[in-house]
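Please open the model in your viewer and keep a selection box at hand. The tour below moves from one selection to the next and says what can be found at each stop.

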Amino acid sequence: MQIELALFAHLTPYLPPAGAEDESGSSHARPMDLPDGTTVGQVITRLDLPAGPRIVFVNGRHAPDDHSLANGDRLAIFPPVAGG
Amino acid sequence: MRSIMRLNMSTLSITTEPVPDAWARYGGRALTDAIVFAEVPPKADPLGPEAKIVFAPGLLGGTSAPNGGRLSVGAKSPLTGGIKESNAGGQAAHALAKVGIAALVIEGVAADASARYVLKINADGSTEIVRDDSLTGLGNYATKDALDATMGDVKRYATITIGPAGEMGLKSAAVAISDPDGYPNRFAGRGGLGAVMGSKGLKAVVIVDEGLPYLAHADKDAFNAAVKKFANALREHAVTGQALPTYGTNVLANIINEAGGYPTRNFSDGRFEGVDHISGETMREVTVERGGNVKHGCHTGCVIQCSRYFVDKDGHYKTKGVEYENVWALGADCGIDDLDVIAELDRNCSDLGIDTIEAGVTIAVYMDSGKLAFGDGAGALALLEEVRKGTETGRMIGNGAEATGLALGVEHIPVVKHQGLPAYDPRPIQGIGVTYATSTQGADHTAGYSITANVLAVGGSVDPLKPEGQAALSQGLQIATGMLDALGLCIFVAFAVLDIPEALDAIHEMAEAHTGQKWDTDALMQLGKEVLTMERLYNESAGFTAADDRLPAFFYDVALPPHDAVFTVTDAELDSVHDFVADTATAMGISKP
Ligand code: SF4
């Protein structure tokens, strides 16, 4: 399956390099091929994200690490951020 | 000794009196509220002779309390018609506090409406009131330059100024405060308080604090220990120690967009396709590339340092920030995705002296009428030029989103209590909707920043798409905010305070060690409740009812993509937010003014 992965702020450097097929031009999002049923936590391990709190969205809703991803999902991960 | 300084513009006389015992524990928002509550009739014309405008540093103003130099500006708002506290950074709060002024109250109106006055407060507490009509119509930046030219060898002073919008009495007019570098770029933006200042004939206040040390404390060692504890907590928390100083407030653009709550093109979408061009990450890259400043405090003593300067392509200062709210209002809400255009709009708003949030929301409403295409940055700039010229269209725009929407027959006018909604759509982020609806201030995110638990996982977690728990969340945050505003602390300390218990302890320890009064956690929360109680009672007397504590109908009826969300918090829950007011009023021994 393929998902869209997006990383922000201090996590942006952990994005895999953009493939030739990625024409989005986004500085934060990439397509990512994964085995079916991969969980959020498994993606985090695979990316080797730094330890510490994270805010995770799947399709714009908060999701826990054991959430199983589906084809076409958008997974977005943020370090703690705030403002206002 | 803390004193209240009064300038009567009708007689041009200045008096000073000690802060009455009843207000000994009040600073900032608590003190502006208490003075407006006691002295400005709730039905008074906000731009008339009975109105007053009050400038108050917090209880910790003039000390080294981290992030403790915020200024409260209070009045009856010409925009909302209710009581208003508009909060700003900049150097004025510390300067006033160091001179010994707990509140500066401007009363009456100048006999000659064409006169422009400058109040100068010297470091020894002496004052001068100077008429200078050559300042008429000048923007904040030119006004600041003109004031600088009168200061001779004096280097350390803060200014409070208004631009032409304030002189014209426009309902979105803001009050500008000078920052540590002297730029007039920090704003008490919301609620039209620039118009109140303008109505009095007061163009500027200059406060000289050259040579003045921080204030003395009742217990110096205890104060310094508490300061250390507080500063450590602010440095340790990932938000206040890392994200805010690195990216500024605009770090929020991506996450609010991700959550589907980034209001786009007059609140018709929850995601903006151009967000990547205007996000905090992109802004940092652009600013660094151009050699701009990407981290400083808006006032001396800020530990978090979320402020920065945006520079043009040649590396010249353009404006501060740009803050998340401003980038959103003048960007996504208007469909504009060019940072340089947004910065130019921001600079113009700052110079004119109008609230950037209200300006953006208003331009978006204007665009929604069909008179200008969404995304037309040149057209948006031209509208601000109309404001500067004071044309009919300009006055309409300068009077805000509701005035503009009603005049043009726009269906979706995003306002509560006549004030434009900030940068979070209340349908997919319902907690902030509760704050918008119920705040005494009109739609104001800072009044109870439910984005914390709704989106940012700070201070717990409450599902943003569901109504459950939102009223309690907003209530707690509104009370805490009232407290922080009264102490003069920047509300961004809350991100650390909500997660690190020692930070809250440090706040009452600083208050106690500085004042010698007894302070604890309960007393802090009591202070927050007293703030809201005065405001709530005042607004009731000004004519507000439960019907004013609601969002505009389209937030309940029109589903917002991508989550197809509508606002579902019930009226009963909204009405529960102020359930403590009656008891607090009894305990305070006050009733409706
Ligand atoms: S954190 Fe930002 S807004 Fe708060 S005091 Fe510091 S610079 Fe000002």
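Which of the 13 residues around the ligand come nearest? Select the ligand in this predicted model, and then add B:Cys298, B:His299, B:Cys302, B:Cys306 and B:Cys490, which are the residues of that group that come nearest. Now widen the selection to the shell around the ligand, whose residues divide into six nonpolar, five polar and two charged. If you display cavities, you will find that the ligand sits in the largest cavity.

Next, colour chain B by its domains, which are domain 1 (3-208), domain 2 (250-424) and domain 3 (426-499 + 520-593). With these colours on, return briefly to the ligand, where the shell draws at least three residues from domain 1 of chain B and at least three from domain 2 of chain B.

Keep domain 1 of chain B and domain 3 of chain B in view and hide the rest for a moment. The C-alpha centres of these two domains lie 27 Å apart, and the contact takes 33 residues from domain 1 of chain B and 31 residues from domain 3 of chain B. Between the two domains an area of about 2500 Å² is buried, with carbon and sulfur atoms giving 56% of that area.

How many salt bridges are found across the interface of domain 1 of chain B and domain 3 of chain B? There are two across this interface. For a salt bridge to look at in detail, select B:Arg29 and B:Asp485, whose side chains meet at 2.9 Å, N to O.

Now bring chain A back and turn to where it faces chain B. Here 31 residues of chain B are in contact with 21 residues of chain A, and the area buried between the two chains is about 2100 Å², of which carbon and sulfur atoms give 61%. On the chain B side, select B:Ile255, B:Glu258 and B:Asp276, which lose the most area to chain A and together make up 26% of what that side buries.

Stay with B:Glu258 for the last stop, and add A:Arg74 to the selection. These two residues form a salt bridge in which the closest N and O atoms are 2.7 Å apart, and the count between chain B and chain A is one salt bridge.

Methods: Residues numbered from 1 in each chain as written. Chains lettered and ligands numbered in written order. Predicted model: local features only at pLDDT ≥ 70, side-chain atom pairs only at ≥ 80, totals over all residues. Heavy atoms only, no water. Near = heavy atom within 4 Å. 1 Å grid on protein atoms, 1.4 Å probe; cavity = no way out; pocket = protein on both sides within 12 Å on 5 of 7 lines; lining within 4 Å. Sits in = over half its atoms within 2 Å of the grid points. Nonpolar A, V, L, I, M, F, W, Y, C, P; charged D, E, K, R; others polar. Domains from an automatic or database assignment. Contact = heavy atoms within 4.5 Å. Buried area = accessible area lost by both parts, 1.4 Å probe. Salt bridge = Lys/Arg side-chain N within 4 Å of Asp/Glu carboxyl O.
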